Amino acid sequence: MGSTLLIRHSGVSFQEELKQYPKQPHIILDPGDASHGPAARLWLLRDGKPVASRFFGSIDALRAPHLILAALSDFLKLADDAIVEAPVYRASPLSRQLLTLIAFLVKPDRILVAEGTEISLLGWPIGPETISAPEALPRMVLDAQRKAQWLRLLERTHKHEIPMSNLSIQGCRLGSAVPITQQIDTAGILHAEVCGANLLLVSTGDVDVEVMGRALDIAHAAKAIVVQPEEYKNLLCAFGRENGEEFGMGMIDEIDFEGRMIYARADAVPPVPVRILKLGSLRVDPNGREMPEGRPWHL
């Protein structure tokens, strides 16, 4: 049968196109899709049902394109001759290059591009074909679909207490560098870590100029990013084992930096050992409402 790569813009849908290939695996790389479960995930389907998924943590594919490529690499090991739906194309160099990389990973027998998708048809591993596609559902309907899935997820969640000791945090700035909290030891600074020239400070309030200068000197950093602990509240998260396998998805309730404990709600049944905590950039409140995402890699 061969594999097929589907590329579209936000105004159309490939749902009808996918129905034409019921026996082939489907790889959904659009993190905004909530047709098969909560959004902010990437999906591998067989017979229209999810058989594998990967946490993404945002509905914007350009937030973390490396996660899309990593998930695709894993899915391709599980599915031959798949129908791959690429992330929705946006008119930007990053979006174009992401889709091109996906094409070279998939090595498709066909590339189908929806009419009206303003993307260059040069530079692909095989010449794309342009096809017509029906209009996508109105944005209001898609938003409601995602909210319904968030509420279903919240109904399944349990409370978890996760010690920060021996925990790898992924997907954000927090936990990606060397902690120097004890070296700074200033009232109000709950956590400090430095990565290259960037210093991350988690503080209960504004950091005054003198404290900031001293912290930058200690860290040998040129720039400081100040975050308040409540900014982590309601962030999407996923649990992982030491081998990287995911086994739960939910939201952060609180990060207690003084007590070195993370409180979260997830659909994994406690108690479970969490060795990897993946944080997204999208917040979803207890009523299933999506909150605006902050700057990339701010937290």
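Biologist: What order do the strands of the open sheet of four have, and how are they paired?

Modeller: In this predicted model, the open sheet of four strands runs in the order β10-β11-β12-β13, and its pairing is mixed. The edges are taken by β10 (178-179) and β13 (223-227), each of which has a single partner strand, so one side of each is left without a neighbour in the sheet.

Biologist: Which way do β11 and β12 run, and how many bridges join them?

Modeller: Strand β11 (residues 189-195) and strand β12 (residues 198-203) run antiparallel and are joined by six bridges; one residue pair to look at is Val 194, whose bridge partner in β12 is Leu 199.

Biologist: Turning to strand β1, which residues point one way and which the other?

Modeller: The general idea is that in a regular strand the side chains alternate between the two faces of the sheet. In strand β1 (residues 4-7), Thr 4 and Leu 6 point one way while Leu 5 and Ile 7 point the other way, and all of them are buried. Strand β1 runs parallel to strand β6 (residues 110-114), with four bridges between them, and also parallel to strand β5 (residues 83-85), with three bridges. Thr 4 can be followed in both directions, since it stands opposite Arg 110 in β6 and has Ile 83 as its bridge partner in β5.

Biologist: How many salt bridges does the model hold, and which parts does the pair Arg 8 and Asp 30 tie together?

Modeller: Side chains of opposite charge can pair when their charged atoms come close. The count here comes to 18 salt bridges, and in one of them the side chains of Arg 8 and Asp 30 meet at 3.1 Å, N to O. Arg 8 lies in the loop between β1 and α1 (15-19) and Asp 30 in the loop between β2 (26-28) and β3 (41-46), so the pair ties together parts that are 22 residues apart in sequence. Both Arg 8 and Asp 30 are buried. Val 88, in the loop between β5 and α3 (93-106), touches both Arg 8 and Asp 30, and its contacts beyond four places in sequence also include His 9, Ser 10 and Ser 95; at 21% relative accessibility, Val 88 counts as partly exposed.

Biologist: Where do Arg 146 and Asp 143 sit relative to one another?

Modeller: Arg 146 and Asp 143 are three residues apart in helix α4, which means they are separated by about one helical turn, and their side chains meet in a salt bridge of 2.8 Å, N to O. Arg 146 is buried, at 10% relative accessible area, whereas Asp 143 is partly exposed, at 31%. Arg 139, Asp 143, Arg 146 and Glu 290 are linked in a network of salt bridges.

Biologist: Is His 160 buried or exposed, and which backbone oxygen lies 2.7 Å from a polar atom of its side chain?

Modeller: His 160, in strand β8 (residues 158-163), is buried, with a relative accessible area of 5%, and the backbone oxygen in question belongs to Ala 268. Leaving aside neighbours within four places in sequence, the residues in contact with His 160 include Phe 239, Ile 262, Tyr 263, Val 269 and Pro 270.

Biologist: Which residues form a nonpolar patch on the surface?

Modeller: Leu 137, Val 141 and Leu 142 form such a patch, with about 230 Å² of accessible area together, and Leu 137 is found in the loop between β7 (129-131) and α4 (139-156).

Definitions and conventions: Residues are numbered from 1 along each chain as its sequence is written. This is a predicted model: local features need pLDDT of at least 70, side-chain atom pairs count only at pLDDT 80 or more; totals for chains, interfaces and linings use all residues. Side-chain values use heavy atoms; hydrogens and water are left out. Helices (H or I, at least four residues) and strands (E, at least two) are DSSP runs, numbered from the N terminus. Buried means under 20% relative accessible area, exposed over 50%, partly exposed in between (1.4 Å probe, protein chains only). A polar contact is a pair of N or O atoms within 3.5 Å; within protein, one must be able to donate a hydrogen and the other to accept it, and residues adjacent in sequence count only if both atoms are side-chain atoms. Contact means heavy atoms within 4.5 Å. Patches are made of residues with over 30% relative accessible area and no salt bridge: like charges are joined within 9 Å, nonpolar side chains (Val, Leu, Ile, Met, Phe, Trp, Tyr) within 5 Å. Accessible areas come from the Shrake-Rupley method with a 1.4 Å probe; for residues, only the protein chains shown count as cover. A salt bridge is a side-chain nitrogen of Lys or Arg within 4 Å of a carboxyl oxygen of Asp or Glu. Two strands pair if DSSP finds at least two bridges between them.
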